[in-house]
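Here is a friendly walk through one model, from its ligand site to a strand at its centre of attention and on to its nonpolar core. Please have the structure open as you read.

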Amino acid sequence: MFSFFRKKPPTPPEPAPAAPAPTTTAAPVVAPQAPTPVVAAPAPLVVVPAPVPVAPPAAEPRKGWLDKLKAGLRKTGSSIATVFTGTQIDDALYEELETALLMADTGVKATEHLLADLKKRVKDSKTTDPAAVKGLLAESIAELLAPLQKRLVIGEHKPTVIMVAGVNGAGKTTSIGKLTRHLANEGATVLLAAADTFRAAAREQLAVWADRNTVEIITQEGGDPAAVSFDAVTAGKARGRDVVLVDTAGRLPTQLHLMEELKKIKRVVQKADPSSPHEVLLVIDGNTGQNALMQVKAFDEALGLTGLVITKLDGTAKGGVICAIARERPVPIYFIGVGEKLEDLETFDAKEFAQALLN
Ligand SMILES: Nc1nc2c(ncn2[C@@H]2O[C@H](COP(=O)(O)OP(=O)(O)O)[C@@H](O)[C@H]2O)c(=O)[nH]1
Ligand SMILES: [Mg+2]
């Protein structure tokens, strides 16, 4: 297993906050309850920077991942790559490339940018070989995507509160499950808030993914999602958990009352911990195409997104939308998913993605 997160050494303890007023009378269900230690560990007097490797220590897992990513992006990339199989670099090549990029949901603005940038690169390199142009395009895409490459940091706040939003079926719960396992494997204690209170199955789905020994779930069937989130953050603080992950119900940005509900969750979480939520993630289905950009804009305006998780990049023909996001609403991509298994979620690497796309 390779490191997924960047851990910051804990900050010195803050003064104890005043106990917040409960927002709900119904008691939350806590399941399963981890045994409470009899004696709490004393806070370290000297803070030593945690020697956690940021770079993946093993090359092998990353290679396996890269193969999966390449296979997943084949549908998006193959039509772009065929543009470079001819013998000449001419207007026809650029026109074909424009069409291929647009078909891959790269969007007009990012397509225009990539074409102009590529022409400049071709001119500067003085190449006459179409195959070399493919390499230049990969460089151009990698440069466009570079600002989106960012690591999720945990350990700066205790708990690090991460709110997760998105439309129905985007892969929120699955991604939270995968993240939870990775966090637990790295020794972080996780508390999940099942704020998708509409569906009983949502909690069970989370529980299946969670490592039952190290993960607790705060849930309340049919309850108020904001109240559940409040209880989870309060419990996370009281129990000294490293991360609180808030799973919310799916919603479309056009469902204004549901977007208001999300804003309320964020406000109420802030009451439980004024520095939180530390991360607000939007999970996007990689097959969504141009609509993904609209989702990023709408959720960003409502919540102020700090990061994205792009799922289902296995077999999508619309992977170009990441370029559109980079050009028009550059919210960092923390993770990308290429399947339903635990190992099918990885950190986003701009260069790797660009190369996988054009391979
Ligand atoms: N192929 C594929 N399926 C995924 C991926 N991530 C999630 N899924 C599937 O998408 C479906 C919806 O996921 P879920 O987490 O319930 O979505 P939610 O409604 O946003 O919580 C499930 O069948 C998942 O197994 C992925 O990266 N690739
Ligand atoms: Mg869900």
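For sorting residues by character, Ala, Val, Leu, Ile, Met, Phe, Trp, Tyr, Cys and Pro count as nonpolar, Asp, Glu, Lys and Arg as charged, and the others, Gly among them, as polar. Please keep in mind that this is a predicted model. On that scheme, the shell around ligand 1 holds three nonpolar, 10 polar and five charged residues. The shell numbers 18 residues, and those that come nearest to the ligand are Gly-171, Lys-172, Thr-173, Thr-174 and Gly-337. Helix H6 (residues 172-185) supplies the largest share of this shell, with three residues.

Let us turn to strand S8. Seven of the seven residues of S8 (residues 279-285) are buried, so this strand is largely enclosed by the rest of the structure. Glu-279, Leu-281, Val-283 and Asp-285 point one way from the strand, while Val-280, Leu-282 and Ile-284 point the other way, and all are buried.

The pairings of S8 can be set side by side:

| Partner of S8 | Sense | Bridges |
|---|---|---|
| S4 (residues 160-165) | parallel | four |
| S9 (residues 307-311) | parallel | five |

In the pairing with S4, Met-163 has Val-280 of S8 as its bridge partner. On the S9 side, Leu-281 stands opposite Gly-307. From S8 the chain passes through helix H10 (residues 290-303) to reach S9, a β-α-β crossover that is right-handed.

One residue of S8 deserves a closer look: Val-283. Why does Val-283 count as buried? The reason is that Val-283 has 28 C-beta neighbours inside 10 Å, and 20 or more are enough for a residue to be buried. Leaving aside neighbours within four places in sequence, Val-283 is in contact with Val-164, Gly-166, Ala-170, Gly-171, Lys-172, Ser-175, Val-309 and Thr-311. Gly-171 lies 112 residues from Val-283 along the chain, yet their C-alpha atoms are separated by 6.6 Å. Gly-171 and Lys-172 also belong to the residues that come nearest to ligand 1.

Finally, the nonpolar core. In soluble globular proteins, nonpolar side chains tend to be buried together. Here the largest nonpolar core has 90 residues, and the members that touch the most others are Leu-192, Ala-193, Leu-245, Val-246 and Leu-308. Beyond its neighbours within four places in sequence, Leu-245 is in contact with Ile-162, Val-164, Ile-176, Leu-179, Thr-180, Val-190, Leu-192 and Ala-193. Val-164 is listed among the contacts of Leu-245 and among those of Val-283.

How values were computed. Residues are numbered from 1 along each chain as its sequence is written. Chains are lettered from A and ligands numbered from 1 in the order in which they are written. This is a predicted model: local features need pLDDT of at least 70, side-chain atom pairs count only at pLDDT 80 or more; totals for chains, interfaces and linings use all residues. A residue is near a molecule or strand if its C-beta atom, placed from the backbone, lies within 6 Å of it. Helices (H or I, at least four residues) and strands (E, at least two) are DSSP runs, numbered from the N terminus. A residue is buried if 20 or more other C-beta atoms lie within 10 Å of its own, exposed if 12 or fewer, and partly exposed in between; C-beta atoms are placed from the backbone. Two strands pair if DSSP finds at least two bridges between them. A crossover is right-handed if, with the strands pointing away from the viewer, the path from the first strand over the helix to the second runs clockwise. Two residues are in contact if their C-beta atoms, placed from the backbone, lie within 7 Å. A nonpolar core is a set of buried Ala, Val, Leu, Ile, Met, Phe, Trp, Tyr and Cys residues joined through C-beta atoms within 7 Å.
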